[in-house]
Amino acid sequence: IRFVELAQSTNNVHFPIFRGKVMKVTERYYAVRMEKLSPFKVNNRSEYDRRILDDYITDTINGFVDDDVKKEYEELCVRQPGLDEAMKKLFELADKLNTTSFDLGTTENIMLRGKTWVITDPFFG
């Protein structure tokens with residue numbers, strides 16, 4: 001729910017467009033309408049870039065970003081403008097939620113709007 005609120009209040013192309021309000025479906029599940037997105041296209045470049053993002057998240061959580069990872073991440077952010085700002089917002093939200101459980105280690109939680117990565121579900125749980 002907090003991620004939906006963040007996405008709705010932040011104008012960032014890497015967050016999905018959610019329409020309407022979050023509705024409680026069961027005691028444990030909620031639902032909200034989201035824009036139609038395409039699956040993440042896995043190829044050598046996209047998988048490499050996704051791993052860079054995962055390494056950057058891991059290094060940032062551990063408090064030290066390796067110089068090579070930082071350089072590759074900065075290059076990824078050139079290919080995906082606005083990604084760094086989205087990640088900063090997600091790290092802020094993770095701090096508020098007191099979690100380091102990012103779930104971007106696979107392509108299942110990143111989708112596409114054209115060629116733009118859209119983070120759909122950034123945290124475990």
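## Exercises on a predicted model

E47 and R50 are both buried. Here buried means under 20% relative accessible area, exposed over 50%, and partly exposed in between, with a 1.4 Å probe and protein chains only. The areas come from the Shrake-Rupley method with that 1.4 Å probe, and for residues only the protein chains shown count as cover.

The model is predicted: local features need pLDDT of at least 70, side-chain atom pairs count only at pLDDT 80 or more, and totals for chains, interfaces and linings use all residues. Residues are numbered from 1 along each chain as its sequence is written, and side-chain values use heavy atoms, without hydrogens or water.

### Exercise 1. Salt bridges in α2

Task: Find how E47 and R50 interact, and how far apart their closest N and O atoms are. Then treat D49 and R45 likewise.

Solution:
- Step 1. Fix the criterion. A salt bridge puts a side-chain nitrogen of Lys or Arg within 4 Å of a carboxyl oxygen of Asp or Glu.
- Step 2. Apply it to E47 and R50. They form a salt bridge, with 2.6 Å between the closest N and O atoms.
- Step 3. Look at the spacing. E47 and R50 are 3 residues apart in helix α2, so about one helical turn separates them. Helices are DSSP runs of H or I with at least four residues, strands are E runs of at least two, and numbering starts at the N terminus.
- Step 4. Turn to D49 and R45. Their side chains meet in a salt bridge at 2.9 Å, N to O. These two are 4 residues apart in α2, and therefore also separated by about one helical turn.
- Step 5. Check cover. D49 is buried at 5% relative accessibility. R45 is partly exposed at 44%.
- Step 6. Extend the pair. R45, D49 and R79 are linked in a network of salt bridges. The whole structure holds 9 salt bridges.

### Exercise 2. The β1-β2 hairpin

Task: Describe how β1 and β2 pair, and find the salt bridge between K24 and E27.

Solution:
- Step 1. Set the rule. Two strands pair if DSSP finds at least two bridges between them.
- Step 2. Count. β1 (residues 18-24) and β2 (residues 30-34) pair in the antiparallel sense over 4 bridges.
- Step 3. Name partners. F18 has M34 in β2 as its bridge partner. R19 stands opposite R33 in β2.
- Step 4. Close the turn. A hairpin of 5 residues joins β1 to β2.
- Step 5. Add the charges. E27 and K24 form a salt bridge, with the closest N and O atoms 3.6 Å apart. E27 is exposed at 69%. K24 is partly exposed at 48%.

### Exercise 3. The three-stranded sheet

Task: Give the strand order of the open sheet with β3, β4 and β5. Why does one side of β3 and of β5 lack a neighbour in the sheet?

Solution:
- Step 1. Write the order. The 3 strands run β3-β4-β5, with antiparallel pairing.
- Step 2. Find the edges. β3 (38-39) and β5 (116-119) each have a single partner strand, so one side of each has no neighbour in the sheet.
- Step 3. Inspect β3 and β4 (residues 110-113). They pair over 2 bridges. P39 stands opposite M111 in β4.
- Step 4. Inspect β4 and β5. They are joined by 4 bridges. L112 stands opposite W117 in β5.

### Exercise 4. Positive phi

Task: Give phi for G114 and for N98, and place both residues.

Solution:
- Step 1. Recall the background. Most residues other than glycine have a negative phi.
- Step 2. Take G114. In the hairpin of β4 and β5, with 2 residues between the strands, G114 has a positive phi near 70 degrees. G114 is exposed at 60%. Its C-alpha atom is 19 Å from that of R33, 81 residues away along the chain.
- Step 3. Take N98. Its phi is positive, near 55 degrees, in a residue other than glycine. N98 lies in the loop between α4 (83-97) and β4. At 72%, N98 is exposed.

### Exercise 5. A charged patch

Task: Which residues form the negative surface patch?

Solution:
- Step 1. Name the members. They are D55, D66, D67 and D68.
- Step 2. State the cut-offs. Patch residues have over 30% relative accessible area and no salt bridge; like charges are joined within 9 Å, and nonpolar side chains (Val, Leu, Ile, Met, Phe, Trp, Tyr) within 5 Å.
- Step 3. Test one member. D66 is partly exposed at 32%. D66 sits in the loop between α2 (44-62) and α3 (67-79).

Definitions and conventions: Lys and Arg count as positive and Asp and Glu as negative; His and the chain ends are not counted. The place of a charge is taken as NZ of Lys, CZ of Arg, CG of Asp or CD of Glu.
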